[in-house]
Amino acid sequence: MKQKRVSFKNEWNGILFALPAILGLLIFTLGPMLYSLYMSFTDYSGSNVPTFVGLDNYTRIFSGEDQYFYKSLRVTVYFVILSVPSGIIYSFLLALLLNRDVKGKAIFRTIFYLPSIVPIIAISFIWLWLLNPDLGLANELLGALGFPGSQWIFGEKSVVPSLAMMNLWTTGGTMIIFLAGLQDIPRSLYEAIEIDGGSRFDKLWAITVPMMTPTIFFNLIIGIINGFQIFAQAHVMTNGGPNNASLFYVFYLYREAFQFSRMGSASAIAWVLFIIIMALTFIVFKTSRKWVYYEGDGSR
Amino acid sequence: MRKRSGTKTILFVFLAVMMIVTACANGNNDSGQSKNTAVNGNSTKDKSSGTNEQVKLKFTFWGSPQEKKAVEDAIKAFEGIHKNITIEPVHITGTDFLQKLNAMIAGNEAPDLSYSAAWKLKMGEEDLIYNFFDLIKEDPSIKKEDYLEYGWWNWDTDKSAGPYQAAVVPSLMYNADMFQDAGVEVPPTKASEAWTWDEFVETAKKLTLDRNGKHPDEAGFDPKNIKQYGVKFSLSWISYMPLVLSNGGDYLTDDGKELGLAKPEAAEAIQKIADLINVHHVAPSPVQASSIPAPATALQSKKVAMVIDGSWNHLDLSKANINWGVGVLPILKEYKSFFLGGSLIIFKSSKHPKEAWEFSKFLTDPNNVLEMHQGLWMPQLTKWYEDPQLIDSWANEELSGRPIGFQDAVMRSTFEHAEPAPENNVKNFVEIDAAVAASLDQVWLGTKSAEEALKEAEERIKPLVQGTYLK
């Protein structure tokens, strides 16, 4: 009896300490979210009294009456498909390199991490210069190597690949997480493979990659979520152009809300994105059972 | 016992939070409704009578530091005359303006009056702002006819969000030194002597140089390495519409049912501008333009010899140390141009619309913000274009913001040849133009002809085309 009372007191104290976070979540996240869910069923311009219109906002976007919805979805999915796998492979390879005992390891790590703490607006401006088709470094380099240049972000076909490429530059955060994961792999496993006469490739394929799958899984989820929310590049560098070729979903949402003053419809668009991301995350979680290896998980 | 009370407390906290959340949500609706009914219930007259009552007005506006200062000075002058009114100026940067204003409205903190852009028409339809024509009816000191003919922002027939509070116009600006270096005559300043398109292209060619100093007509000219462009056209409706109008086209067709830009007269004009870039190589493409600085700096650094863009650039040009001038726009058939600008709106939630109206009238009178009218704004009261004495006070060519030729090239050419601007005339303009601008990207980049691109745009925006406010 007595013991139970003490443990309950602890429970109560625990809740008390967690209360700021819980309240924060309720007031600043859950509340506004539910409010926006309600708004997505209304005709709301930002200044008028919202009137309930049922599913009108949703039918408008799904029926294709709003010509930008599917376009922006296609553009965004294309970006995610290009940028997420390449970002993970690139930062994984970087992490492998920087995990080795090279001279000036700390400096290299800093250099590769640095871009991810530069504000995205500043990064956008730097790349605007680099990717300028006439004067930019990118085309100068290609030219010097004898390759033809590209229109980069000014071409309808090249704008999304250009932005995906630029995205690689900012994957320092992902790299750090991979580095942390790499350092967690017990040395004894490598030693065992050395004794068995395994090659470097064996080490990578039989130990490093399987041991890293939880980290890859984590980075994949985060990558997909971030990829779908790409916005600043379209806002600063391309304004969604040329000819809507970089009309990313969130930029489309922003335009609907703040340029066309259709907050109700923008709320619906936001909820569709929420559901898309939820569904994709769920799918990745489901498939993860097949390929993610957890140490100490006896079932595999 | 204890356990139960603990659960109760938690439950209570959760309930309390949910109540706050829902209350906020509902509060918004309710207050919105009550706000509107209160406004509709009271007429303007009830509120106006007490002139001795101390009144405070909130006024939201945007603008450069100079504009901010000029507006604040005007407020001081206004408060000097109207001792019972104090005005609280709220300066918001242009890019955040609508978001902040919406937040203020949603939070029941709407200003009494405000600067406004195209979004105001929606507010008019939602009955959030006063119909300017209702307010003007009650004021004998001024009438509708005193204002420029096409200076109105209407959301319906006889329903107006006001006249331009200050106007700007499309303008051709140039660096005179570059004309002298090339041995070319500067642009004409009288509309009757405006360059034909061919004359304009010829001049632009003489002013265009590649790295080796060659002109576009000469053998060996390298269009990839142009050092100096003859002209930079800002690639928005503000700059291409004068030429479209000049060729007999318009944004919508006369009956307002179709996209006029897709018609041959308009498409031809737009194609001619695209040809400046892709055929004649005298103007930068959007790609090349991305590395060219803002108009005043571009002219000053001799990257371009002429700029066709809004007259708001005159202010920057007057501050730059440069020998600049203005000319009339080139034409295809006859001279056409337009005024454009924002207007002052008065919110129906205002408790003091009469006082707000007084201030709105005060700020629209160039006398009270003369400094701004001597370099940036243009008046919207017709008499300021007709009375020589008044003209002299704002358009005198001795003023640093008003170069030689200003009165003919900017003031008269627009005043005498003004058409309605699509922005304040075409319904759903903001959305239509977003689609048109995207399609025109391909025209400026040279991947499609103007006719093709605009025909495609026409298909896509059919549901948005719903006529104009003036017809």
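**Note on the A–B interface, the chain B sheet and two buried serines**

1. The count between chain B and chain A is 1 salt bridge. It joins the side chains of Arg262(A) and Glu431(B), with 2.8 Å from N to O. Helices of chain B that each supply at least two residues to the side touching chain A are H1 (2-41), H4 (97-106), H5 (120-125), H11 (286-289), H18 and H19 (450-461). H1(B) gives the most to that side, with 15 residues. Keep in mind that this is a predicted model.

2. Now the extent of the interface. The size of an interface is often given as the accessible area lost when the parts come together. Here the area buried between chain B and chain A is about 3400 Å². Carbon and sulfur atoms give 62% of that area. In residues, 41 of chain B are in contact with 40 of chain A. The rule also finds 9 residue pairs in polar contact across the interface, both residues at pLDDT 80 or more.

3. Helix H18(B) deserves its own point. It spans residues 429-444 of chain B, 16 residues in total. From its first C-alpha to its last, H18(B) reaches 21 Å. That is close to the 22 Å expected at 1.5 Å a residue. H18(B) is mostly covered, with 13 of its 16 residues buried. Gly446(B) follows the helix, and its phi is positive, near 80°. H18(B) is also one of the helices that supply at least two residues to the side of chain B touching chain A.

4. Next, the sheet of chain B. What is the order of its strands? The order is E7-E8-E9-E6-E10, in an open sheet of 5 strands with mixed pairing. The edge strands are E7 (209-210) and E10, each of which pairs on one side only. At the E7 end, 2 bridges join E7(B) to E8(B) (residues 226-233), and the two run antiparallel. Leu209(B) stands opposite Gln228(B) of E8(B).

5. Strand E6(B) covers residues 170-175. It is joined to E9(B) (residues 304-310) by 5 bridges, and these strands run antiparallel. There, Met173(B) has Val307(B) as its bridge partner. Another 4 bridges join E6(B) to E10(B) (residues 324-327), again antiparallel. In E10(B), Trp324(B) is the bridge partner of Asn175(B).

6. Are the two faces of E6(B) buried or exposed? In a regular strand the side chains alternate between the two faces of the sheet. On one side of E6(B) lie Pro170(B), Leu172(B) and Tyr174(B), and on the other Ser171(B), Met173(B) and Asn175(B). Both faces are covered, and all of these residues are buried. The tally for the strand is 6 of 6 residues buried.

7. Two serines of chain A close the note. Ser83(A) sits in helix H3 (residues 69-98) of chain A. Why does Ser83(A) count as buried? Its relative accessibility is 4%, so Ser83(A) falls under the 20% cut-off. Leaving out residues up to four places away in sequence, Ser83(A) touches Ala164(A) and Asn167(A).

8. Ser124(A) lies in helix H5 (residues 120-130) of chain A. Ser124(A) is buried because its relative accessible area is 0%. Beyond neighbours within four places in sequence, Ser124(A) is in contact with Met166(A), Gln233(A), Val236(A) and Met237(A).

Technical notes:
Residues numbered from 1 in each chain as written. Chains lettered and ligands numbered in written order. Predicted model: local features only at pLDDT ≥ 70, side-chain atom pairs only at ≥ 80, totals over all residues. Heavy atoms only, no water. Expected span 1.5 Å × (residues − 1). Buried < 20%, exposed > 50% of the residue type's maximum accessible area, 1.4 Å probe, protein only. Pairing = 2+ DSSP bridges. Contact = heavy atoms within 4.5 Å. Buried area = accessible area lost by both parts, 1.4 Å probe. Salt bridge = Lys/Arg side-chain N within 4 Å of Asp/Glu carboxyl O. Polar contact = N/O pair within 3.5 Å; in protein donor to acceptor, adjacent residues only side chain to side chain.
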